[in-house]
Amino acid sequence: IQQSELVEKDYLKINQERQYNLNLTLLAVLACVLGVILGALIFSVTIVKRIRFLRDSASHLAKGEIIDIGTQTHDELGNLSHELSIASRLLASSVYESHQAREEAEAANAAKSMFLSRTSHELRTPLNTIIGFSSVLENDLKNENSLQNLNMIQKASKHLLKLIDELLDIAKIEKGEMDINLVPVEIEQLVKEAVHYIKPLGSINDIIIETEVEANIFALADAQKLLQVLLNLLSNAIKYGPAASLVKVKAYRTQKTIHIEVLDQGKGIAEHLRSRLFTPFDRIGAETSKVEGSGLGLALSKQMMIAMHGDITASKRLSLF
């Protein structure tokens, strides 16, 4: 009987240990399941949060708004964040360039408005002269002053016509509508022709025109346009140069470039004003000068030279002779 009781106790003990191990295993499994569920929940919440953040960032980026995405991860979402950051920087650069272009366009529009305003003023002045003297002439045809009044009308008319022609030429060049016929032009003959036309104007103020032209040099240019540019430069040299002075025309070749220089003995233009020299209607020193002009000659000459694949600049030298 005693031996039977011992066996029964051992069996009971074994069953208790087995149940304890089973309970312990069940608790471990349950803890693992709960851990997995909790980890998955945390991971899911984190991923969803990052995806929502990237979605919102992409939405802002699509609207053209600048975003700043900082990430330290190297997974797929981290790579996507990096790509969005690059796109944001590119967008910022594009927005800046667009802003700059808009400011330049606004400045160009302002310049155009000023140009039209000045143009209207320049056109109105000779027109008023024509209208005024025409009215006087109607009542004064038999008066001894009639011829003088008629001369004033002709002078104002020619000034207006020249101004309108120059405006039209500038507009045509800017639109690429001016006919440019590039042919080999003999520079020596061109200079002689220009001096022949301009000499009477120089003789009024006792200005001597000299030439120093290299022989047998040719430039690929439009002969009529190049002559017009040279006449304009000579006219300016005579109009703004001192009386009884010297104007010199030099022409020479350096490698593949032909240089034509018009030199005078005027006081010159201050260095800080040279950037305005080829601006339409910007006559430097016009407020203190009695010389008439529209302020279009040099601007038109510049455009013509560019159209002929050349250029025109002002010398920085203070003394030309």
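These questions and answers look at the nonpolar cores and the open sheet of this predicted model.

In this predicted model, local features need pLDDT of at least 70 and side-chain atom pairs count only at pLDDT 80 or more, while totals for chains, interfaces and linings use all residues. Residues are numbered from 1 along each chain as its sequence is written, and side-chain values use heavy atoms, leaving out hydrogens and water.

Reader: Which element gives the largest share of the largest nonpolar core?
Author: Happy to help! A nonpolar core is a set of buried Ala, Val, Leu, Ile, Met, Phe, Trp, Tyr and Cys residues joined through side-chain atoms within 4.5 Å, where buried means under 20% relative accessible area (1.4 Å probe, protein chains only). Of the 35 residues in this one, Ile187, Leu226, Leu230, Leu234 and Val247 touch the most other members. Elements giving two or more residues include α3 (146–175), α4 (187–204) and α5 (223–240), with helices taken as DSSP runs of H or I, at least four residues, and strands as runs of E, at least two, numbered from the N terminus. The largest share, seven residues, comes from α5.

Reader: Which are the edge strands of the open sheet?
Author: Good one to trace by eye. The three strands have the order β2-β4-β5, with mixed pairing; two strands pair if DSSP finds at least two bridges between them. Each edge strand pairs on one side only, and these are β2 (208–213) and β5 (257–263).

Reader: How many bridges join β2 to β4?
Author: Within this pair, glutamate 210 stands opposite lysine 248 in β4. The two strands run parallel, and the number of bridges joining them is six.

Conventions. Buried means under 20% relative accessible area, exposed over 50%, partly exposed in between (1.4 Å probe, protein chains only).
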